[in-house]
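Student: I should like a close look at one part of this model, namely its internal cavities and the helices around them. Please take me through that part in a connected account.

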Amino acid sequence: MSKRPASGGNPYLNLGVLAVVVAVMCLLPLMTSPYYVRVATGVALWAGIALSWNVICGYAGYISFGHVAFFGIGAYTTAILMQPQHDWDFWATLPVAAVIAGAVAALVGWPALRLKGAYFAIATWALAEAVRELTTVVEFTGGSGGLSTPIRADDNFFFYTMLGAAAIAYAVCYLLLERSKFGFKVKAVRDNEIAARAQGINTNLVKIQAFVLSAVIPAVLGGINAYWITFINPQSVLNTLITDQLVVMVLVGGLGHAWGPALGAAAMFLLQEQLRVSYGETTAYIIIVGAIVMLIVLFLPDGLVSLGRRARRMRLIRQYLSRARDDLVKTEARQ
């Protein structure tokens, strides 16, 4: 897979910007209506799960079509443990969801990550289908009827919880993948696995670790989402459309960039909400979103994060043209 643009930058600046964005968003419930708080909660949710796909694809170089499986595992873990017969505290269910998703990722990744390209993509798609079928037939998941979670009518609680989880995920992934030896190993394996192995890197272990990291994030967010929406079934938390959406968000924002998934998730989710309000669930809505995504892929192949570089490049070009024009004017004046 081709090299991705570097996105490490100044760690203090990057983490400072993240902290400022989170601080500003924390003021949102004080300034707007509950509807926009719920929209912002959705943005944080999609930003987090898009980040998880960026870890395995953008950094490790493996295309996963089954990442929704880990989101569903997290959602069902929280929902099952919060049933009356178990009566677990919500916060206690999240670490369990993360451990189960990480264990599944390690078990599946050990053989699957030896595959390449489309073969790995098919293997992960099969994992997602297997998990969905399992939750449909077994009794403790509620089958196709699904499960309900205790109702907590507090939009601010879920907003701050989702935002905090997503912010922690971004900070941890940035430090691990952009500022540590582990990140350099992951990128080395992505760019040239044979060369990385020749340098003494345990490529299989590095790939499994990246896969586990990418599985833990959606599991935690899936658990929060299950408590937030109060009802889940295989169609709502294990739908393949979830994977499709997060793939589009990452590509639109910037694949392999630390902050690309956040930009893509915010842009696409807000756009979808606005178009849904304007056009409803119609064919026009799908056509407009598809056309916009196509234009971004064609004219911004590195995603929305490349807008800053392109703007700087255009400023430099204008400066050079201005200097050239001034030199030409001076030359003509001398003549």
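Tutor: The account below turns to the cavities and then to a helix pair. The model is a predicted one. It holds two cavities of 30 Å³ or more.

The largest cavity has a volume of about 40 Å³. Its lining consists of Leu51, Val55, Tyr59, Tyr170, Cys173, Tyr174, Leu177 and Ala258. Helix 3 (34-59) and helix 7 each provide at least two of these lining residues, and helix 7 gives the largest share, with four residues. By class, the lining has eight nonpolar residues, no polar and no charged ones.

The second largest cavity encloses about 40 Å³ of space. Around this cavity lie Ile49, Ser52, His67, Val68, Phe71, Pro218, Ile242 and Leu246. Helix 3, helix 4 (68-81) and helix 12 (240-253) each supply at least two residues of this lining. The classes here are six nonpolar, two polar and no charged residues.

Helix 7, which contributes to the lining of the largest cavity, also packs against another helix. The axes of helix 7 (residues 155-178) and helix 10 (residues 203-229) come within 10 Å and cross at roughly 175 degrees. Because of that angle, helix 7 is roughly antiparallel to helix 10. On the side of helix 7, the contact involves Asp155, Phe157, Phe158, Thr161, Met162, Ala165, Ala166, Ala169, Cys173 and Leu176; helix 10 contributes Leu213, Ile217, Leu221, Ile224, Asn225, Tyr227 and Trp228. These contact residues divide into 14 nonpolar, two polar and one charged. Cys173 thus appears both in this contact and in the lining of the largest cavity.

Methods. Residues numbered from 1 in each chain as written. Predicted model: local features only at pLDDT ≥ 70, side-chain atom pairs only at ≥ 80, totals over all residues. Heavy atoms only, no water. Axes fitted to C-alpha atoms, helices over the stretch in contact; angles between N-to-C directions. Parallel < 35°, antiparallel > 145°, perpendicular 65-115°, else oblique. Contact = heavy atoms within 4.5 Å. Nonpolar A, V, L, I, M, F, W, Y, C, P; charged D, E, K, R; others polar. 1 Å grid on protein atoms, 1.4 Å probe; cavity = no way out; pocket = protein on both sides within 12 Å on 5 of 7 lines; lining within 4 Å. Points joined across faces, edges and corners; volume = space filled by probe spheres on them.
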